[in-house]
Amino acid sequence: MSFAPRGAPVLRDPRAMRALAHPARLAILERLSADGPATATECAEVTGQSPSACSYHLRALARWGLVTQADGRDRRERRWAVVGPFVIGDHDAPREAAVAAAEHALTGQVLARASERVLAWMDRSDGESPEWREATLVANRSLVLTADELTRLLEQVDRLCEPFVASRRRESAPADARVVRLHLSAVPDPP
């Protein structure tokens, strides 16, 4: 799950967040976001679960409005598409305890997946081309910003990312293009 643009729909129901916090469901959403509509069998390739287990997870995601049935090439195959992007949580007011706990669990899973991807890259990077090794970045920066400046900075990041979002069809992308997972966290230190 990459970050969603500002103004995207907000996922507020703690039951939906808990449902999404399952690692297989996050993997399914990432697969659908990166490669477009897929069947349960195609999703099973990225989750390590059976097609029937993926079908169960897809139906659970559909119950919460996170995926929807897509037009299939064949009426016998059920294809699913992600409904999104969406933002996790509601930060306009203090959160109820159930929302805070569900958001914490889901964010923990998202961060764990992001960390796993970075570490997997580090493990395999020696076998990658020099271009990809030089293009990749793992960094940590401390910025001194107001809340308004942070909002403007993240809006600029959204605009910079827009031409490259995964919905960009691979057919129209350069031949050497790959899905790149961008993880962005922007949280202030305590006052």
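This passage walks through a predicted model of one protein chain, from its overall layout down to single residues.

Start with the big picture. The chain contains seven helices and four strands. Going along the sequence, these elements come in the order β-α-α-α-α-β-β-β-α-α-α. Of the 191 residues in the chain, 28% are buried. The accessible surface adds up to about 13000 Å², and carbon and sulfur atoms account for 53% of that area. Contacts also say something about how the chain is put together: among those between residues at least 6 apart in sequence, 63% link residues at least 24 apart.

Next comes the inside. The largest nonpolar core has 25 residues, and the members that touch the most others are Leu20, Leu32, Leu58 and Leu106. Helices α1, α2, α3, α4 and α5 each put at least two residues into this core. Leu32 makes a handy example. Leaving aside residues up to four places away in sequence, Leu32 is in contact with Pro37, Ala38, Cys43, Leu58, Val67, Trp80, Ala81 and Val82. Leu58, itself on the list of best-connected core members, is thus one of the residues that Leu32 touches.

Leu32 is also one of the buried residues of helix α2, and this helix deserves a closer look. Helix α2 covers residues 23-35, which makes 13 residues. From its first C-alpha to its last it reaches 18 Å, close to the 18 Å expected at 1.5 Å a residue. Most of α2 is covered, with ten of its 13 residues buried. Besides Leu32, the buried set is Ala24, Arg25, Leu26, Ala27, Ile28, Leu29, Glu30, Arg31 and Ala34. And what does the covering? The elements over these buried residues include the helices α1 (14-20), α3 (40-47), α4 (51-63) and α5, along with the strands β2 (67-70) and β3 (79-82). Just past the end of α2, Gly36 adopts a positive phi of about 85°.

A little further on, Thr39 sits in the loop between α2 and α3. Being in a loop does not leave Thr39 out in the open: its relative accessibility is 10%, so it counts as buried. Not counting residues up to four places away in sequence, Thr39 touches Glu77, Arg78 and Arg79.

Two of those partners, Glu77 and Arg79, turn up again among the charged pairs. Side chains of opposite charge can pair when their charged atoms come close. Across the whole structure, a search turns up ten salt bridges. In the one between Arg79 and Glu77, the closest N and O atoms are 3.9 Å apart. Arg79 is buried, at 6% relative accessible area, while Glu77 is partly exposed, at 28%.

Another salt bridge joins the side chains of Asp35 and Arg31, with an N to O distance of 3.9 Å. Why are these two well placed along the helix? An α-helix has 3.6 residues a turn, so residues three or four places apart point the same way. Asp35 and Arg31 are four residues apart in helix α2, so about one helical turn separates them. Asp35 is partly exposed, with 34% relative accessibility, whereas Arg31 is buried, at 13%.

The pair of Arg95 and Glu103 also mixes a partly exposed residue with a buried one. Their side chains meet in a salt bridge at 3.3 Å, N to O. Here Arg95 is partly exposed, at 40% relative accessible area, and Glu103 is buried, at 8%. Finally, Glu30, Arg113 and Arg117 are tied together in a network of salt bridges. Glu30 is one of the buried residues of α2.

Not every nonpolar side chain is hidden away, though. On the surface, Val118, Leu119, Met122 and Val138 make up a nonpolar patch, with about 370 Å² of accessible area together. Met122 belongs to helix α5, which runs over residues 97-124. With a relative accessible area of 47%, Met122 is partly exposed.

The last stop is Pro188, in the segment after α7 (147-161). Pro188 is exposed, at 71% relative accessible area. Although Pro188 and Leu145 are 43 residues apart along the chain, their C-alpha atoms are separated by 8.8 Å.

Notes:
Residues are numbered from 1 along each chain as its sequence is written. This is a predicted model: local features need pLDDT of at least 70, side-chain atom pairs count only at pLDDT 80 or more; totals for chains, interfaces and linings use all residues. Side-chain values use heavy atoms; hydrogens and water are left out. Patches are made of residues with over 30% relative accessible area and no salt bridge: like charges are joined within 9 Å, nonpolar side chains (Val, Leu, Ile, Met, Phe, Trp, Tyr) within 5 Å. Accessible areas come from the Shrake-Rupley method with a 1.4 Å probe; for residues, only the protein chains shown count as cover. A salt bridge is a side-chain nitrogen of Lys or Arg within 4 Å of a carboxyl oxygen of Asp or Glu. Buried means under 20% relative accessible area, exposed over 50%, partly exposed in between (1.4 Å probe, protein chains only). The expected span of a helix is 1.5 Å times one less than its number of residues. Contact means heavy atoms within 4.5 Å. A nonpolar core is a set of buried Ala, Val, Leu, Ile, Met, Phe, Trp, Tyr and Cys residues joined through side-chain atoms within 4.5 Å.
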